[in-house]
Each structure stands twice: as structure tokens, then as C-alpha cells.
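Here are some short exercises to work through with the model open on your screen. Try each task before you read its solution.

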Amino acid sequence: DAIRAAEDLSTWGARFDDPQLSALVEQAFEGSLTLAEARERVVQARARRGIENAARLPIIDGDAGYSYAESGSESAYFTGAPPGTSTDLYRIGVVAGWELDLWGRVGRLVEAAAAEIQASVEDIRAARAALAAEVAREVVAIRALDARIGGVERSVELRRDSLSIAQSRTRAGLVSELDALRARRDLESDQALIPDLRAQRRAVELRLAVLLGERPGQVSVEERELPSTPRIPSLGLPGDLVTRRPDIRNAERQLAAATARIGAAEAERYPRVTVSGEFAFSATEPSGLFNSASRSLALGPTITLPILTGGRIASGVELAESEARTALLRLESVTLDAVREVETALSSRERTAVRLVRLDAASAAAVATESLASDLYAAGRTDFLDVIDAQRSILAIEERLVLAREAELVQTIDLFTALGGGWSAPSERTSAHAP
């Protein structure tokens with residue numbers, strides 16, 4: 001729930017006015033194997049923090065045992081049974097130990113583990129944003145293929161009309177059979193495009209099924225027009241990327257963890273103080289256990305001071321410091337990449353918008369040209385090659401128009417991803433480090 005609260009990724013598809021796209025994104029969040037793997041990494045990180053945190057608390061172990069001791073009559077051992085005797089020894093008790101974290105070594109390790117949990121949560125957020133974008137790209141690809149199929153089918157209808165006109169004029173003896181043959185050639189050529197486009201559509205559906213965690217073949221996307229391109233609201237200041245982008249937040253948490261480990265490595269230079277104790281009952285017969293006379297108690301502190309370590313501690317500090325510097329460099333690199341990705345997506349989208357305006361105008365002109373050429377040919381005032389050229393132009397320009405609209409949508413999705421999963425205002429976002 002905390003992960004979902006940071007960015008409600010399941011609703012961003014509504015900006016594209018495509019209800020099925022939104023539903024498929026939500027389905028992917030529920031069934032994706034990649035997300036399931038990322039969730040397990042959070043579980044693992046929390047378990048590691050539990051392991052580190054356990055060192056801050058006293059440890060109590062139960063201890064019970066039985067031993068049999070025997071010595072020969074001339075035995076020279078000074079422990080165990082007296083020479084020439086044997087004995088049974090029963091023992092039960094508890095052993096306790098507690099390291100006093102005077103220098104914060106354990107505390108810093110726990111702090112590092114907590115930061116790694118937050119980094120793992122950011123990994124899930126990044127995976128959710130990437131998954132939502134990938135599902136959207138596949139749906140847009142299907143919508144574009146449907147639009148291209150529709151364009152070819154409309155071209156086929158034009159070809160049929162042209163063929164009918166050419167055949168009528170041939171039968172009337174106004175033109176040779178060559179016009180009808182040309183019309184038949186182009187009709188069959190356009191019809192041959194449709195099976196390949198449908199095969200491409202099916203291949204995208206199969207990829208989409210894998211993204212949703214379903215068996216390939218189980219997902220079917222309904223036919224629908226290309227979604228409208230959403231308006232891009234104010235993107236805020238460049239610094240807002242730090243709170244939006246999961247990869248930047250992840251890198252910052254990794255830096256925090258690496259910095260905490262420096263403190264833990266430095267604390268290895270100082271003495272460790274451990275308080276340990278043991279309370280037990282021991283007797284030669286089971287019936288003698290729990291008798292006050294058979295009890296034993298030991299309690300006291302132990303101080304361990306590193307003297308000769310062969311450079312292990314110094315190397316550990318050096319390693320921790322280098323890892324922290326590496327984490328800082330990664331944070332700087334990720335931040336620069338984030339700004340680059342946003343600028344690239346915005347620039348690409350702006351150029352595509354200009355291209356769409358030109359292609360819309362070209363498409364309208366191509367349709368008008370074809371209509372006029374067909375009318376003139378039917379009236380015997382122009383050559384059939386003008387009709388063929390006009391029809392080919394319609395198909396070519398319409399396909400370029402569909403591809404440009406698809407590109408604009410994909411570039412918008414890329415911008416969505418570059419911004420970290422959404423355009424929510426800062427007041428709508430929760431803390432980047434929600435547990």
C-alpha cells in the first residue's frame with residue numbers, strides 16, 4: 001500500500017482515454033512475475049534488517065546436556081572422573097550474552113539495513129513504472145496496427161471501386177484491358193498486406209500476455225482507435241525529479257546505506273564490551289537437578305580490544321569509504337540521466353507534433369486528389385495512372401500518419417517514465433522514503 005501511495009500508477013492510463021489500457025496496467029500489477037520478484041527482494045531486505053537489529057538485544061540460549069566420564073586407575077588427567085572411577089553428569093541451564101553497542105557499530109549496521117529496505121521499495125516503484133509503460137507501449141502498438149489494417153482495408157475499397165470503373169470502361173471499349181489489369185494488381189497487392197499486419201498484432205498480444213504474467217495466448221485486446229495524446233501539464237522544477245524518480249530515490253538510499261557502513265567499519269577500531277552470564281544446574285543423577293545445592297552462576301563483562309588485525313580494520317574502512325564515494329557518483333550519474341531522458345522525450349514529442357500537422361494536411365490533400373482523379377477518370381478526362389498514383393499516395397501518407405501518431409504516444413509514455421511514473425503535483429505525493 002505504501003508503494004502504491006507514492007504514485008497511483010494504475011490511473012495514469014485514463015489520460016489516454018483508453019479504458020482497456022488502464023485495466024491491462026492494473027492486471028499487470030497483479031500478475032507480473034517481475035514485480036513478484038521485486039517484492040521478494042523487499043522481504044529479504046527486511047529480514048536482513050531483522051538479523052542486524054538482533055545484535056542490539058540480549059541473547060539467551062537454553063543449554064542442556066549429558067556426559068559420561070571414565071578414567072583408568074593410573075590415568076594422569078586432572079579433569080573428569082577421578083582415576084579408576086566413572087561418573088554420569090547431567091546439566092541444564094541458560095546462557096546469556098549482550099554486546100553493549102557503545103560506539104554505534106550495530107546501530108549503524110541497522111541504519112544501513114533500513115536504508116536498503118527503502119532502496120528495495122524504490123526498486124518496486126521503478127519496476128511498476130517500467131511495467132506500466134511497457135504495457136502501454138504494447139497496447140499502443142496494437143492500436144496502431146489496427147489503424148494500419150483499417151487504412152489498408154479502406155485502400156482495398158478504393159481499389160475495388162477503381163477496378164469496377166476500369167472494367168466498365170473496358171467493356172464499353174473506351175480503354176484497353178490494361179487499366180483493369182493494373183487495378184486488379186494493386187487490389188491484390190493491398191489485400192496481401194493484411195495477413196502480415198494481423199500476424200504482427202498477434203505477436204504483440206503474445207508479448208503482452210507475458211508482461212501480465214499470463215500464458216501466451218490467454219490475452220486478447222479489443223479493436224479500438226488509437227488513444228488521444230494527453231496534454232502535458234506543468235512538469236515543475238528540475239529538482240522535482242528527485243522526488244518523482246524511483247531510481248534517484250534508490251540511489252540516494254544506497255548512498256545513505258553506504259555512509260552508515262562507514263560508521264560501522266570505524267567502530268571496529270574500538271573495544272567491544274560484552275556482558276555474558278550462565279546459570280545452570282548440574283548433578284550426577286537426574287533427580288538432583290533443580291536442587292539449589294547443584295546450581296552454578298557466572299556473570300561478568302568481557303572487553304575485546306583489537307591490537308593486531310593485519311590491516312583488516314583499516315582495509316574495511318577504506319572499502320566502506322570507497323563504496324560510499326561510488327554510491328555518490330552513481331547518484332550524480334542517475335540524476336543527470338534523468339534530466340537527459342526528460343529533455344529527450346520532450347524534444348522528440350515536440351518534433352513529432354510538428355510532423356503530425358504536416359501529415360494531416362498531406363492526408364487531406366491526398367484524399368481530395370484521389371477523389372478528383374477518380375471522377376475525372378470516370379468521365380474519361382484523365383489517365384488511369386493518375387488514379388493509381390493518388391490511391392498509392394493515400395495509403396502511404398495514411399500509414400506515415402498512423403506511425404507518427406504511434407510515435408507521439410510512445411514518446412509521451414517515455415516522458416511519463418522519465419518523470420518517474422506520473423505528473424502528480426508535489427502536494428499529492430507522499431514521502432519518498434515511506435516504509
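The exercises below concern a predicted model.

**Exercise 1.** Find which helices supply the largest nonpolar core, and which residues Leu24 touches.

*Solution.* Begin with the core itself: it has 48 residues, and those with the most contacts inside it include Leu24, Leu131 and Phe384. Next, look for the helices that each supply at least two of its residues: they are H2, H4, H5, H6, H9 and H10. Of these, H4 gives the most, with 17 residues. Now pick Leu24 and set aside its neighbours within four places in sequence; Leu24 is then in contact with Val135, Val139, Leu208, Leu212 and Val221.

**Exercise 2.** Check the span of H5, then work out where its buried residues lie around the axis.

*Solution.* First, the length: H5 has 14 residues, and the expected span counts one less than that number. At 1.5 Å a residue H5 should span 20 Å, and its end C-alpha atoms are 20 Å apart, which agrees. Second, list the buried residues of H5: Asp179, Ala180, Ala183, Asp186, Leu187 and Asp190. Third, look down the axis: these residues fall within an arc of 130 degrees, so they line one face of H5. Finally, see what covers them; H4, H6, H9 and H10 are included.

**Exercise 3.** Trace the strand order of the open sheet and identify its edges.

*Solution.* The four strands follow the order E1-E2-E3-E4, with antiparallel pairing. E1 and E4 each have a single partner strand, so these two stand at the edges. Ten bridges join E3 to E4; in one of them, Thr274 is partnered with Thr302 of E4. From one strand to the next, the twist averages 20 degrees.

Key. Residues numbered from 1 in each chain as written. Predicted model: local features only at pLDDT ≥ 70, side-chain atom pairs only at ≥ 80, totals over all residues. Heavy atoms only, no water. Core = buried A, V, L, I, M, F, W, Y, C linked by side-chain atoms within 4.5 Å. Buried < 20%, exposed > 50% of the residue type's maximum accessible area, 1.4 Å probe, protein only. Contact = heavy atoms within 4.5 Å. Arc of directions from axis to C-beta. Pairing = 2+ DSSP bridges. Axes fitted to C-alpha atoms, helices over the stretch in contact; angles between N-to-C directions.
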